[in-house]
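Work through these exercises with the model open beside you. Try each task before you read its solution.

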Amino acid sequence: MHALSEKELLQICRKYEFPCPVCEARNTFFRLKPDICRPGDQEGDGHSRTWRWTKPGFDSLDPKQLFWGICQKCRFAGELDDADFRAAEKDPEGFKAQYNSSALDRLVAGSLAGKSAVQALGKMINAKDPFVSVIAHFHLGIYSHCLRQRIAPGSLARYYLRLAWTYRDLEAYYTGTNLEGVKKQLAAIEDRWNIELPKHKDYPQAPELVKEEVEALRLSRAYFQRN
């Protein structure tokens, strides 16, 4: 699937422009319109083999590519379906109070230095291969969630489950992907990720950079069980 133009995106998405609640950089995001696509044939774990789009011409688009809003500066990630994230500019201090202030400071400092795991994942977002981009999006979402004062295991379980589905969808949406190349990119970031990821007593096991479906399913199950 080629990168969608804004004209194409506006057929299936609503456009949002608002500042990042962490670093205040303004961003433009595109969120899927309600009911623009519905699951078709589903597997036991909720994975949809097909999607039914109400607009023609989007069958080759993986909806998971439009799950996250990522700040283009600091790389903080929020779910686009999360109304609190979309409305954070109305009460940025209240939004940030849900997070560890020192961890947010480190996120911004890392964006300025350009050497953090988050910034390395941020560079992957702009890859020509959409698979590389969506894998980076979900890991940034996991990292950003772990900046919270208290994690929600159910949310992390959902994120890892969708990562598993993304790997499962390689043949459906990402036939041009060099999977071994993706694994090497993630492996190069792994040490920094493990050092920089905030620690939490509520982890059933520490969040990881996952390189294949089975790893993502294992972590998803651990977090669902904790939830």
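**Exercise 1. Two helix axes**

How close do the axes of H5 and H9 come, and at roughly what angle do they cross?

Solution. Note at the start that this is a predicted model.
- Step 1: Take the distance. The axes of H5 and H9 come within 8 Å.
- Step 2: Take the angle. These two axes cross at roughly 150°.
- Step 3: Classify the angle. Over 145 degrees counts as roughly antiparallel, so H5 is roughly antiparallel to H9.
- Step 4: Find the residues that meet. From H5 come Ala-117, Val-118, Ala-120, Leu-121 and Met-124. From H9 come Gln-185, Leu-186, Ile-189, Arg-192, Trp-193 and Glu-196.
- Step 5: Sort them by class. The contact of H5 with H9 has 8 nonpolar, 1 polar and 2 charged residues.

**Exercise 2. The surroundings of H5**

How many of the 9 residues of H5 are buried?

Solution.
- Step 1: Locate the helix. H5 spans residues 117-125.
- Step 2: Apply the cut-off. Buried means under 20% relative accessible area.
- Step 3: Count. In H5, 8 of the 9 residues are buried, so this helix is largely enclosed by the rest of the structure.
- Step 4: Name some of them. Among the buried residues are Gln-119, Gly-122 and Ile-125.
- Step 5: Look for the cover. It includes strand E5, helix H4, H6 and helix H9.

**Exercise 3. A second helix pair**

Which residues of H6 and H7 make the contact between them?

Solution.
- Step 1: Start with the axes. Helix H6 (residues 130-145) and helix H7 (residues 153-168) have axes that come within 10 Å and cross at roughly 170°.
- Step 2: Classify. H6 and H7 are therefore roughly antiparallel to each other.
- Step 3: List the contact. H6 gives Phe-131, Val-134, Ile-135, Phe-138, His-139, Gly-141, Ile-142 and His-145. H7 gives Ser-155, Leu-156, Tyr-159, Tyr-160, Arg-162, Leu-163, Thr-166 and Tyr-167.
- Step 4: Sort by class. The contact of H6 with H7 divides into 10 nonpolar, 5 polar and 1 charged.

**Exercise 4. A lysine in a loop**

Is Lys-64 buried or exposed?

Solution.
- Step 1: Place the residue. Lys-64 sits in the loop between strand E4 and E5.
- Step 2: Check its area. The relative accessible area of Lys-64 is 10%, so Lys-64 is buried.
- Step 3: List its contacts. Beyond neighbours within four places in sequence, Lys-64 is in contact with Val-134, Phe-138, Arg-162, Trp-165, Thr-166 and Asp-169.

**Exercise 5. A hairpin**

How many bridges join E1 to E2?

Solution.
- Step 1: Count the bridges. There are 7 between strand E1 (residues 13-19) and E2, and the strands run antiparallel.
- Step 2: Pick one position. Glu-17 stands opposite Thr-28 in E2.
- Step 3: Inspect the turn. The hairpin has 6 residues between E1 and E2, and Glu-24 in the turn has a positive phi of about 75°.
- Step 4: Check burial. In E2, 5 of its 7 residues are buried.

**Exercise 6. Aromatic rings**

How many aromatic pairs does the structure hold?

Solution.
- Step 1: Count. The structure holds 18 aromatic pairs.
- Step 2: Study one pair. The ring centres of Phe-29 and Phe-85 are 6.1 Å apart and the planes are at 45°, so this pair is tilted.
- Step 3: Place both rings. Phe-29 lies in strand E2 and Phe-85 in helix H2, so the pair ties together parts that are 56 residues apart in sequence.
- Step 4: Check burial. Phe-29 is buried, and so is Phe-85.
- Step 5: Widen the view. Phe-18, Phe-29, Phe-76, Phe-85, Phe-95 and Tyr-99 form one aromatic cluster.

How values were computed:
Residues numbered from 1 in each chain as written. Predicted model: local features only at pLDDT ≥ 70, side-chain atom pairs only at ≥ 80, totals over all residues. Heavy atoms only, no water. Phe/Tyr/Trp six-rings, centres within 6.5 Å; stacked < 30°, edge-to-face > 60°. Helix = DSSP H or I, 4+ residues; strand = E, 2+ residues; numbered from the N terminus. Buried < 20%, exposed > 50% of the residue type's maximum accessible area, 1.4 Å probe, protein only. Axes fitted to C-alpha atoms, helices over the stretch in contact; angles between N-to-C directions. Parallel < 35°, antiparallel > 145°, perpendicular 65-115°, else oblique. Contact = heavy atoms within 4.5 Å. Nonpolar A, V, L, I, M, F, W, Y, C, P; charged D, E, K, R; others polar. Pairing = 2+ DSSP bridges.
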